[in-house]
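Let's take a walk through this structure together, beginning with the overall picture and then stopping at a handful of residues along the way. Keep the viewer open so that you can follow each stop.

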Amino acid sequence: MLNRWFAKKEESGSAASIQGPTGPRVPRHSGAWAALRRRLQAEPGLRAIDVGYTSPTNINYLTGLGHSVFMADVVTDACTGDWQTGVDEDGNPIWDVEGFLSHALDFSGRMFDVVLLWTTLDYLPEPLVVPVVDRLYQSMNLDGQILAFFHTRTQGEETAHCRFHLTDGDDVDIQMAQPFPIQRAFTNRSIERLFTAWSGYRQFLAKDGVSEVIITR
């Protein structure tokens, strides 16, 4: 499936020149999106966060159903911002975690019902992963839900950083995005530990090295 993206990428120039999504969109079946879409269609007036480079497709789809949308390009903010402020006495990097959260996830007191998190947590620097999950927990209403995808391995073309676009069916369209390197692969156990404070966890089977999960506040 991704061979077409990489062919397009090679034609368009070096990876460093890629800004935002590029190349064709490829449909991917998503059981988690199919389940969440039913809620979005049944409950107008929800507040949603779509994480990733701005997608007019997603904005139009969600607002067309009567929802409001907040955009947060968390991976780009984390990987291109100057959030590493130095190193400690053991040589470990020191991160301005609060500064990053204030910049990338400042919701001005708004509370949300749905977060389209996609594969964000696979690409964040390690010190930011738990703080981002905690900030989302604090910013979601009771019974709010996160749709998240997790890579099960760190090698292979399917680990390329991508943008996800909603459809009105059971597919999401995937498009190559800025070439940030994958940082980790999650196991089912590590996902459960990361979201231990949350009340619900539903996993969906996938066949392409990506695990799909809906987590409920």
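Asp143 sits in strand β7, which covers residues 140–151. Before we look at that residue more closely, please keep in mind that this is a predicted model. The backbone at Asp143 has a positive phi of about 75°, although this residue is not a glycine. Why is that worth a stop? Most residues other than glycine have a negative phi. The relative accessible area of Asp143 is 46%, and because exposed would require over 50% and buried under 20%, Asp143 is partly exposed.

Ser108 is another non-glycine residue with a positive phi, here about 55°. You will find Ser108 in the loop between α5 (97–104) and β6 (112–118). With a relative accessibility of 61%, Ser108 counts as exposed.

Now let's zoom out to the whole chain. Its secondary structure consists of eight helices and 11 strands. For 217 residues, a compact globule would be expected to have a radius of gyration near 17 Å, and the 17 Å of the protein chain agrees with that. Along the principal axes, the C-alpha atoms fill a box of roughly 55 × 40 × 30 Å. Of the 217 residues, 52% count as buried. If you take the contacts between residues at least 6 apart in sequence, 70% of them join residues at least 24 apart.

The outside of the chain can be put into numbers too. The accessible surface comes to about 10100 Å², and carbon and sulfur atoms account for 48% of it. As for charge, there are 19 positive and 27 negative side chains, with the centres of the two sets 7 Å apart.

Next come the aromatic rings. A pair of aromatic rings is described by the distance of the centres and the angle of the planes. The count for this model comes to 11 aromatic pairs. In one of them, the ring centres of Trp118 and Phe164 are 5.0 Å apart and the planes meet at 10°, so this pair is stacked. Trp118 belongs to strand β6 and Phe164 to strand β8 (residues 162–166), so the pair ties together parts that are 46 residues apart in sequence. Trp118 is buried, with a relative accessible area of 2%, and Phe164 counts as buried as well, at 5%.

Tyr137 and Trp198 give you another geometry: their ring centres are 5.2 Å apart and their planes stand at 70°, so the pair is edge-to-face. Tyr137 comes from helix α7 (residues 126–138), while Trp198 comes from the loop between α8 (188–194) and β10 (200–204), so parts 61 residues apart in sequence are tied together. Tyr137 is partly exposed, with a relative accessible area of 24%, whereas Trp198 counts as buried at 8%. Before leaving the rings, look for Phe70, Phe107 and Phe112, which form one aromatic cluster.

Helix α7 also holds Val132. This residue is buried, with a relative accessible area of 2%. What does Val132 touch, once its neighbours within four places in sequence are left aside? The contacts are Phe100, Leu101, Leu105, Leu121 and Leu124. For a sense of scale, the C-alpha atoms of Val132 and Ala206, 74 residues apart along the chain, are separated by 25 Å.

Ala206 turns up again at our next stop, as one of the residues that Arg28 touches. Is Arg28, a residue of strand β1 (residues 22–29), buried or exposed? Its relative accessibility is 6%, so Arg28 counts as buried. Not counting residues up to four places away in sequence, Arg28 touches Phe149, Asp170, Asp171, Val172, Ile174, Ala206, Asp208, Val210 and Glu212.

We finish at His67, in the loop between α3 (56–64) and β3 (68–72). His67 is buried, with a relative accessible area of 5%. Beyond residues up to four places away in sequence, His67 touches Leu40, Glu43, Pro44, Gly45, Leu46 and Leu62. From C-alpha to C-alpha, His67 and Val114 are 10.0 Å apart in space and 47 residues apart in sequence.

How values were computed. Residues are numbered from 1 along each chain as its sequence is written. This is a predicted model: local features need pLDDT of at least 70, side-chain atom pairs count only at pLDDT 80 or more; totals for chains, interfaces and linings use all residues. Side-chain values use heavy atoms; hydrogens and water are left out. Helices (H or I, at least four residues) and strands (E, at least two) are DSSP runs, numbered from the N terminus. The radius of gyration is taken over C-alpha atoms; the globule rule is 2.2 Å times the number of residues to the power 0.38. Buried means under 20% relative accessible area, exposed over 50%, partly exposed in between (1.4 Å probe, protein chains only). Contact means heavy atoms within 4.5 Å. Accessible areas come from the Shrake-Rupley method with a 1.4 Å probe; for residues, only the protein chains shown count as cover. Lys and Arg count as positive and Asp and Glu as negative; His and the chain ends are not counted. The place of a charge is taken as NZ of Lys, CZ of Arg, CG of Asp or CD of Glu. Rings of Phe, Tyr and Trp (its six-membered ring) pair if their centres lie within 6.5 Å; planes under 30 degrees apart count as stacked, over 60 as edge-to-face and the rest as tilted.
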